[in-house]
Amino acid sequence: MTSTKRWMSAAAGLLMLAACDPSDRGVIVGPGDEPGEPRDLAVSYQWVFEGFNGTTPVGHPTVQLTWLPPSDWDDEVFRVYGKRSSSNAYSLIATVTSCTEAGCVYADRNVQHGSAYTYYVAAVNEASDLETSSEFAEEVSVPANTRPAAPVAGTPVGLDDAAYLRWTDNANGANVARYMVFLTQLQGQAQLYQVGETDGRGFLDEQAQNGFEYGYRVATVDTMGHVSNLSAQMLAVPRPDFTGELIYAHAGDPTQSGFRFVTSESQNPVVAGTSTSAHFRLETGSAGWRLVPLNGAQVVEFGRTTALTCGPGADADCTAARVAPTTGYSSAPIAVTPEYSYVFRVPGANGQVHHGVVRVQLLGSNQAGADLMIFDWAYQTIPNEPRLNVVPR
């Protein structure tokens with residue numbers, strides 16, 4: 001943006017007879033009638049986003065002008081003059097009547113990519129049609145019609161009543177200002193709703209609810225407002241998870257040795273080891289520490305993991321039981337080891353199969369010597385859905 005100094009004529013009598021000629025940008029004055037001079041004119045370019053046509057952004061180039069009213073402003077209106085910088089003559093392009101003491105704003109949408117424009121504004125005494133223009137004319141370039149590349153979609157994380165999205169920047173040197181995040185699918189139905197924006201490469205949607213599949217796409221926005229195409233879709237399935245659950249070995253406290261996967265915090269997952277609702281119980285003895293599947297449940301060892309969920313803030317080497325294995329399940333007791341995860345297939349209340357995962361934090365005993373297990377767990381409320389943590393597509 002550049003400024004050009006205006007030169008004011010001192011020949012007041014001549015100016016009273018002259019017509020307003022924006023090309024020489026003179027000041028027309030009358031004794032006691034001339035308005036004050038507009039202050040601090042600034043112009044800037046922005047691309048104004050309007051929406052998407054499919055995955056392609058729709059919008060238009062815009063030059064925004066801002067200025068302050070004269071220090072002795074008496075509610076005069078303002079005229080905005082502009083021209084292509086290559087032209088000799090200014091044209092009146094707008095009259096602005098909505099200023100306040102805090103300032104004035106006008107957006108010129110009649111601009112084209114790859115051109116430069118120069119503007120000035122004038123305060124107008126409407127009674128005498130006399131005006132005083134700003135001291136400087138300001139120039140701005142409207143760049144070529146370019147937009148940043150779309151982000152590369154990452155693998156989302158399904159959390160408890162939340163979905164965590166992540167992506168890789170692919171702007172190829174563009175000055176990235178922020179990213180816009182859109183909900184584009186809910187339970188297989190197409191949507192297009194902006195759920196938020198961020199200046200980082202991750203986003204936590206805390207409006208997502210357990211038991212639903214959500215689709216998201218992300219767009220990059222550069223410092224001039226240019227918006228990229230939408231990224232590939234990311235699909236996430238939030239599900240309940242809990243940390244620090246505790247059950248006792250059946251021999252030490254049978255009333256708190258059983259566990260059932262539940263769908264809300266209002267339900268107690270710890271039950272008696274003989275309960276018909278239990279999905280497994282903890283046993284210790286000569287055979288060692290074991291999880292015993294109950295009431296139609298089956299289990300398979302997933303292996304050593306570092307966390308139940310590799311969500312926001314997780315280490316780069318985080319490992320979790322992200323997707324339920326397709327084979328290897330058994331209804332036989334299984335040896336249990338700290339820092340290992342175990343995936344269950346259990347019959348849900350609807351008679352269909354649901355998947356759950358248990359990650360063991362520690363095996364130990366309380367002050368009375370009763371054996372116990374502390375663990376984290378998650379449960380997928382959608383039938384036959386193998387995604388426990390992260391969508392594998």
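A residue counts as buried here when its relative accessible area is under 20%. Keep that cut-off in mind, as it comes back several times below. The model you're looking at is a predicted one.

**A buried asparagine**

Let's start with a single residue. Asparagine 125 sits in strand S7, which covers residues 115-125. Is asparagine 125 buried or exposed? Its relative accessibility is 18%, so asparagine 125 counts as buried. What does its side chain reach? The side chain of asparagine 125 gets to the backbone nitrogen of alanine 127, at 3.0 Å. If you skip the neighbours within four places in sequence, asparagine 125 is in contact with Asp33, Pro35, Glu76 and Leu130.

**The whole chain**

Now step back a bit. The protein chain has one helix and 27 strands. Its radius of gyration is 34 Å, while the globule rule gives 21 Å for 393 residues; 34 Å is well over that, so the chain is more spread out than a compact globule. You can also picture a box around the C-alpha atoms: along the principal axes they fill roughly 110 × 40 × 35 Å. Out of the 393 residues, 48% count as buried. As for contacts with a separation of 6 or more, 62% of them are between residues 24 or more positions apart.

**A three-stranded sheet**

Next up is one of the sheets. This open sheet has three strands in the order S2-S3-S6, and the pairing is antiparallel. Strand S2 (39-53) and strand S6 (104-108) are the edge strands, each pairing on one side only. From one strand to the next, the twist averages 25°.

How many bridges join strand S3 to S6? There are five, and the two strands run antiparallel, with S3 made up of residues 56-68. You can follow the match residue by residue: valine 63 stands opposite aspartate 108 in S6, and glutamine 64 stands opposite alanine 107 in S6.

In a regular strand, side chains alternate between the two faces of the sheet. Which residues make up the two faces of S6? Cys104, Tyr106 and Asp108 form the covered face, whereas Val105 and Ala107 form the uncovered one. So the partner of valine 63, aspartate 108, belongs to the covered face, and the partner of glutamine 64, alanine 107, belongs to the uncovered face.

**Two disulfides**

A disulfide is a covalent bond between the sulfur atoms of two cysteines. Searching the whole structure turns up two of them. With the bonded cysteines counted along the chain, the pattern is 1-2, 3-4. Here are the pairs:

| Disulfide | Sulfur atoms apart | Angle about the S-S bond |
|---|---|---|
| Cysteine 99 and cysteine 104 | 2.1 Å | 130° |
| Cysteine 310 and cysteine 318 | 2.1 Å | about -90° |

What about handedness? The link of cysteine 99 and cysteine 104 is right-handed. For cysteine 310 and cysteine 318 the torsion is about -90°, so that disulfide is left-handed.

Burial is worth a look here too. Both cysteine 99 and cysteine 104 are buried, and Cys104 is also part of the covered face of S6. Over at the other disulfide, cysteine 310 counts as buried because its relative accessibility is 1%. Cysteine 318, at 11% relative accessibility, counts as buried as well.

Conventions:
Residues are numbered from 1 along each chain as its sequence is written. This is a predicted model: local features need pLDDT of at least 70, side-chain atom pairs count only at pLDDT 80 or more; totals for chains, interfaces and linings use all residues. Side-chain values use heavy atoms; hydrogens and water are left out. Two strands pair if DSSP finds at least two bridges between them. Helices (H or I, at least four residues) and strands (E, at least two) are DSSP runs, numbered from the N terminus. Axes are lines fitted to C-alpha atoms, for helices over the stretch in contact, and angles run from 0 to 180 degrees between N-to-C directions. Buried means under 20% relative accessible area, exposed over 50%, partly exposed in between (1.4 Å probe, protein chains only). A polar contact is a pair of N or O atoms within 3.5 Å; within protein, one must be able to donate a hydrogen and the other to accept it, and residues adjacent in sequence count only if both atoms are side-chain atoms. Contact means heavy atoms within 4.5 Å. A disulfide is a pair of cysteine sulfur atoms within 2.5 Å. The radius of gyration is taken over C-alpha atoms; the globule rule is 2.2 Å times the number of residues to the power 0.38.
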